[in-house]
Number of protein chains: 4
Amino acid sequence: MTTTRPLRIALIGTGFMGKMHTHAWRTAPRFFDLPAEPQPVLLVGRRADATAEAAARWGWPEHGTDWREAVARDDIDVVDICTPGDTHAEIALAALTAGKHVLCEKPLANDVREAEQMSHAALDAPGVSMCGFSYRRTPALALARDLVRSGRIGEVRHVRAQYLQDWLSDPNAPHTWRLDRERSGSGTLGDIGAHSIDAAQWLTGQTITAVSAVLRTFVQSRPRRAAVDGLGGVADADAAHLPVTVDDAAAFTAHFSGGALGVFEATRMATGRRNANRIEINGDRGSIAFDFERMNELEVYDVENGDTQGFRRVQVTESQHPYAGAWWPAGHGLGYEHLFVHQAADFVRAVAGLEDAWPSFADAAQVQRVLAAIEDSAAHDSILTAVAAAGADERTSS
Amino acid sequence: MTTTRPLRIALIGTGFMGKMHTHAWRTAPRFFDLPAEPQPVLLVGRRADATAEAAARWGWPEHGTDWREAVARDDIDVVDICTPGDTHAEIALAALTAGKHVLCEKPLANDVREAEQMSHAALDAPGVSMCGFSYRRTPALALARDLVRSGRIGEVRHVRAQYLQDWLSDPNAPHTWRLDRERSGSGTLGDIGAHSIDAAQWLTGQTITAVSAVLRTFVQSRPRRAAVDGLGGVADADAAHLPVTVDDAAAFTAHFSGGALGVFEATRMATGRRNANRIEINGDRGSIAFDFERMNELEVYDVENGDTQGFRRVQVTESQHPYAGAWWPAGHGLGYEHLFVHQAADFVRAVAGLEDAWPSFADAAQVQRVLAAIEDSAAHDSILTAVAAAGADERTSS
Amino acid sequence: MTTTRPLRIALIGTGFMGKMHTHAWRTAPRFFDLPAEPQPVLLVGRRADATAEAAARWGWPEHGTDWREAVARDDIDVVDICTPGDTHAEIALAALTAGKHVLCEKPLANDVREAEQMSHAALDAPGVSMCGFSYRRTPALALARDLVRSGRIGEVRHVRAQYLQDWLSDPNAPHTWRLDRERSGSGTLGDIGAHSIDAAQWLTGQTITAVSAVLRTFVQSRPRRAAVDGLGGVADADAAHLPVTVDDAAAFTAHFSGGALGVFEATRMATGRRNANRIEINGDRGSIAFDFERMNELEVYDVENGDTQGFRRVQVTESQHPYAGAWWPAGHGLGYEHLFVHQAADFVRAVAGLEDAWPSFADAAQVQRVLAAIEDSAAHDSILTAVAAAGADERTSS
Amino acid sequence: MTTTRPLRIALIGTGFMGKMHTHAWRTAPRFFDLPAEPQPVLLVGRRADATAEAAARWGWPEHGTDWREAVARDDIDVVDICTPGDTHAEIALAALTAGKHVLCEKPLANDVREAEQMSHAALDAPGVSMCGFSYRRTPALALARDLVRSGRIGEVRHVRAQYLQDWLSDPNAPHTWRLDRERSGSGTLGDIGAHSIDAAQWLTGQTITAVSAVLRTFVQSRPRRAAVDGLGGVADADAAHLPVTVDDAAAFTAHFSGGALGVFEATRMATGRRNANRIEINGDRGSIAFDFERMNELEVYDVENGDTQGFRRVQVTESQHPYAGAWWPAGHGLGYEHLFVHQAADFVRAVAGLEDAWPSFADAAQVQRVLAAIEDSAAHDSILTAVAAAGADERTSS
């Protein structure tokens with residue numbers, strides 16, 4: 001163990017994702033055999049006090065308030081970007097130019113132009129780059145991808161994806177920065193719909209070529225927030241209402257490059273559905289179905305099963321399954337954070353050249369183009385809208 | 001019992017639905033207290049031999065090959081239409097004019113014009129009229145409607161309906177009359193999508209006002225059928241292929257009159273889904289979810305449940321539930337045919353004036369207008385298409 | 001159809017089971033191709049008024065109050081016994097002696113001596129005899145039996161059976177005849193535990209050879225019933241309490257002849273479980289699991305499934321499945337009464353010599369011996385108690 | 001953060017549980033506000049090489065091979081015992097005597113005598129002591145306990161517990177130390193059945209007073225193991241068979257001090273069940289049901305729910321639920337290791353006097369007495385066997 005070289009990390013962002021990434025960097029080397037040891041060096045946040053407190057609690061030896069320090073220092077190998085989306089492009093471009101390895105949270109950027117700029121920069125840069133569509137590293141979805149790509153379900157016809165949450169179903173739930181387009185960049189569509197788009201394209205190996213979409217804001221204004229609790233919080237009863245300037249829900253049909261038909265829905269108002277990130281894919285030889293609320297399970301259907309055909313509930317927790325062998329005995333489930341630990345482990349391996357870094361910035365730019373087409377379609381009476389083509393030199397991960 | 005007057009029935013059609021309706025007429029009075037006793041009198045089919053055999057097997061005392069006889073005879077009270085959709089209008093209009101009570105299978109007609117003609121005729125006719133959207137009489141859906149209409153789930157935001165079958169997922173599954181537009185009138189959309197549309201409008205009490213749709217035919221031609229088995233059959237390996245002229249799948253988003261957003265999908269190619277007629281409705285106070293593959297269950301979510309919120313699996317089999325009290329003890333499930341027995345019982349009560357007949361022909365005409373708007377939207381790049389308004393004098397059931 | 005000979009039936013009993021059997025005799029020939037046509041002739045009940053009313057409602061042309069008439073008449077082929085258990089032996093023995101075919105509801109008798117007497121009489125009689133353990137004819141359980149008997153799950157180790165109901169969980173639920181040992185013969189054990197015992201022996205092809213048991217009465221007295229509702233009813237608040245003289249719950253471990261280990265539980269106090277008649281069987285190559293609350297489904301596990309092992313939810317509703325081909329398209333479920341229709345159809349075929357009649361009276365006598373051993377063990381501190389051996393000439397169905 | 005005093009830990013054991021406890025000590029302070037900071041100081045193992053390697057990988061600054069060093073050193077506050085059961089008593093007694101705080105993995109000891117000795121020592125010792133029945137700290141079970149103890153489900157009648165695994169269902173699965181009574185102390189009963197016993201007593205607040213039991217070994221000998229994989233491994237085809245000297249399965253009925261009836265089953269041969277640690281409790285006002293294969297869910301039934309009664313699937317992942325508030329947003333599940341993180345956090349709080357340490361050694365001694373009664377009953381034809389009473393001064397946690 002002593003000969004493993006360190007991989008020195010600067011993390012930008014002290015919010016929820018910063019905490020999660022810290023946990024992942026610390027945990028990955030204890031459960032995976034890695035070619036380098038991730039070493040937390042510098043935590044960067046906007047406010048000095050809060051950043052110092054987070055650094056102490058999470059165990060970062062140094063902290064600061066200027067991300068440029070992370071990019072400039074020679075003793076930093078990785079810049080891990082966990083800030084809001086409107087700052088991703090500037091930081092990532094600087095870090096790539098400085099030769100750093102870059103892990104960037106999703107969404108990659110706030111618009112297509114920025115995303116494509118980042119994607120191009122990543123192609124030319126010496127460091128590896130990865131965008132944090134973490135759901136790909138759920139063992140059940142990784143198994144699903146292997147099954148679909150290996151032809152197990154045959155030719156893909158249907159993609160049926162829903163991402164259902166309900167933390168805004170109460171019309172008196174308070175306003176937060178996520179409901180302000182200026183600050184969040186987008187609403188439900190970009191926040192959770194983007195995950196479904198990425199998962200669908202990755203699982204099928206097909207890109208979305210055209211969409212017909214609806215966006216909807218059910219509650220036009222909400223009271224100011226008095227206290228934080230989870231994603232939502234408690235409203236200040238006397239406070240004035242603030243306008244909601246993003247979508248509460250998005251729904252769209254999609255055409256895939258290989259001929260599949262997609263039906264997508266994302267909402268924060270599906271009362272009773274806490275985090276139902278679901279996807280089902282039907283091919284002519286079988287199907288797979290997944291719901292993140294039961295993240296350790298994959299439903300698999302094979303036409304081969306004679307008089308006992310049916311969806312099989314596979315517990316994707318065995319040593320033969322993706323990632324699962326590093327953890328517990330079969331049937332002992334994993335949780336949400338394992339996705340991030342897997343991401344950290346894969347990132348370290350990619351830096352060492354043992355595997356490709358995926359999802360690439362090009363993958364993330366492709367998601368951004370789909371998001372743009374959806375907004376465009378929704379603004380024009382749902383009319384079928386083509387997704388812009390990738391640049392000739394863009395390389396998506398397979 | 002001896003004083004109950006008979007309700008004399010002529011049934012037109014000797015296919016699967018004719019068999020089901022026969023069973024329903026015979027069974028209803030044994031389990032429900034009815035104001036009249038349904039009495040099978042005359043079975044009418046196209047081919048004399050097959051009709052005679054069906055009459056013998058199913059227990060009809062008389063049989064014939066001309067539906068006009070049923071309309072003309074004085075000793076017939078009810079004309080029950082179980083023929084293909086292209087014959088509904090002519091038979092129903094004649095029967096209504098002759099003063100008969102009319103039960104007509106869905107779809108009401110093959111186009112909007114016919115459906116509206118029937119709807120108007122029904123308004124003026126002395127007899128009662130009902131269209132066979134039988135799923136409404138699943139106890140779980142009847143309970144769902146009561147919950148939604150009583151405000152239990154609050155203001156409705158989302159309607160999420162899928163009707164998934166898979167009997168065409170094999171590209172070598174044989175061609176049948178259902179795949180020929182000339183004979184079937186429509187494909188998946190009209191056959192099963194229509195059920196979802198009717199259920200959604202009925203459950204919410206809202207009409208669909210505009211749609212954006214995609215129709216898709218995945219397999220363009222299929223081998224001729226050699227033998228029947230269920231909905232599909234066995235292909236004749238040497239036979240020539242016949243073109244598929246209807247849709248295999250339909251997907252559309254919908255705007256509802258009360259502001260709800262609908263996402264619908266119907267397909268016969270969802271491998272592994274045999275008859276997943278699903279609907280979920282989210283309001284701001286709760287939700288209901290249903291899947292016909294588990295037809296005796298309704299999932300109900302209430303925001304009231306404090307620290308034990310969650311979807312509740314209600315077995316809709318108790319004496320306090322719609323229809324269920326007529327049958328078995330709690331937890332002893334009902335099957336598909338009970339929908340038709342309930343329909344028969346309700347029809348008899350409507351004839352006696354004890355309750356309204358629903359779904360009305362006006363309800364069914366409304367479904368037909370939605371289907372037409374979907375086809376129109378799909379033909380024009382999914383553009384948002386308004387559903388035509390009902391005539392001023394059309395009366396839908398509540 | 002006209003050449004089919006009639007099978008003339010007398011039904012003894014006007015309660016719930018009488019209604020169900022009537023429905024079955026009428027429905028079976030409309031859905032199954034039968035070698036004879038069941039013809040309801042005579043309905044017998046204790047009280048003349050109620051019997052006349054039932055005969056009118058259910059469609060029996062003749063009615064009476066003396067079962068001996070049914071046995072004596074030459075124009076009766078079948079005596080169908082749906083009376084309380086304490087009358088079974090006398091009626092069945094007389095009917096067998098008179099050369100009738102006999103269908104007898106479970107439990108076969110109130111004690112082992114009677115059951116064995118009936119079993120011996122059945123062996124010598126010219127007519128066929130069958131005991132109404134109707135759950136065997138659930139398509140899912142019939143499929144399970146085929147899988148287990150064909151070796152699909154390998155050597156059987158575990159049998160795990162629970163029959164959970166809750167209609168007595170409220171301590172104020174009223175007293176009924178089912179809680180009076182004098183009238184019911186037994187409590188939960190004989191009423192529903194007997195079903196589990198029969199199913200377990202039938203599915204595995206093994207007999208239970210020894211048991212260790214507990215019987216428990218949680219509520220020792222209950223208020224007199226004022227009105228009937230389902231299995232329970234409404235208590236008369238002012239009425240005196242009556243003693244409960246039967247068991248509320250039974251639990252026992254069991255040794256099977258082939259080496260399997262059984263764990264059984266039956267109760268009417270599993271709050272929230274309406275009719276959870278469950279059985280799971282684990283072999284060294286696979287498993288099956290069933291719950292009657294989802295009676296159209298069978299869970300099947302095969303060790304063969306490589307990296308996608310898991311329990312498969314089979315919808316046992318397809319033309320290739322036992323009984324299901326006579327009914328609806330795949331995915332359109334059956335209900336509780338179909339078990340009785342299947343029983344009626346099989347009985348008719350057995351009368352015609354096309355198949356054996358099962359479960360035989362010998363099978364039912366075997367269940368009775370297990371019940372006796374359970375009561376004996378429970379009375380002696382749960383000590384392991386051998387089940388009495390069958391007589392040398394007793395023949396159980398395979 | 002800087003003022004938090006450290007809690008200095010020595011961990012004895014380098015196996016799977018050592019790894020898990022290490023992860024827990026490191027992770028707890030990053031997610032929970034703790035009154036002291038757990039500080040890994042010394043790792044002790046039997047073999048110097050393996051211990052050095054584990055210390056390096058897991059991040060322990062010091063390592064050694066003699067547990068007495070941990071007990072003797074003044075700069076150690078906590079002794080965390082993760083060794084096989086036959087060494088627990090000696091280490092724990094020495095550590096308690098030395099004034100250490102002691103966390104001891106389950107089973108507490110290999111027999112009742114040792115367990116009671118430890119329980120008595122814990123009462124008199126200055127340090128806190130806790131036994132690692134970690135399942136208690138599954139949020140869903142902690143919520144279940146709160147519901148049951150608060151009277152939400154009324155008077156408890158039924159406890160139905162199954163712990164089903166299948167890693168021995170293949171008769172050719174290799175022999176391991178777990179199958180050798182000399183080394184493991186017990187088989188399935190002590191390994192996983194003990195968890196069910198502890199959970200049942202803790203959830204209900206009742207102790208088990210008498211049992212009637214069966215133990216069974218289905219496969220009497222197995223081939224020697226060639227390689228480890230999960231709990232099992234790969235057999236060496238040419239190796240001789242070794243005898244299996246422990247039980248493969250245990251089944252027993254149980255009487256509880258408050259009148260409840262228990263039915264328990266534990267097995268490693270329930271093919272297809274990976275880690276189905278299930279418990280259901282029925283009271284006269286409601287029920288709870290749990291299965292560790294879906295560890296983030298609790299099923300809750302209330303009789304209050306009028307016409308929508310049913311089991312409610314509660315996702316126990318919300319800020320209002322036990323432990324869950326420290327982690328992710330609602331619907332983002334936890335995994336197996338969180339039980340150990342919760343245990344570490346609670347242990348630290350107990351050391352600081354903020355709460356009691358539970359489960360106590362007395363709780364664990366009570367489990368040991370039940371295990372002894374089960375073995376005794378099974379050895380005597382399942383006869384009902386009283387569980388020995390606790391000593392007058394033994395104090396179980398509530």
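Visitor: What percentage of the interface residues of chain C are also interface residues in chain A?

Guide: This is a predicted model, in which local features need pLDDT of at least 70, side-chain atom pairs count only at pLDDT 80 or more, and totals for chains, interfaces and linings use all residues. Residues are numbered from 1 along each chain as its sequence is written, with chains lettered from A and ligands numbered from 1 in the order in which they are written. Contact requires C-beta atoms, placed from the backbone, within 7 Å. The copies meet through the same surface, because the share of interface residues of chain C that are also interface residues in chain A is 100%.

Visitor: Which residue of chain C comes closest to the rotation axis?

Guide: A turn of 180° and a shift of 0.0 Å along the axis lay chain C on chain A with an RMSD of 0.0 Å (least squares on C-alpha atoms of residues with pLDDT of at least 70 in both). The two copies are thus related as by a two-fold rotation axis. At 1.9 Å (C-alpha), the residue of chain C closest to that axis is R312(C).

Visitor: Is P61(B) buried or exposed?

Guide: P61(B) lies in the loop between helix 2 (48-58) and strand 3 (62-64) of chain B; helices (H or I, at least four residues) and strands (E, at least two) are DSSP runs, numbered from the N terminus. A residue is buried with 20 or more other C-beta atoms within 10 Å of its own, exposed with 12 or fewer, and partly exposed in between. With 10 other C-beta atoms within 10 Å, P61(B) is exposed.

How values were computed. Contact = placed C-beta atoms within 7 Å.
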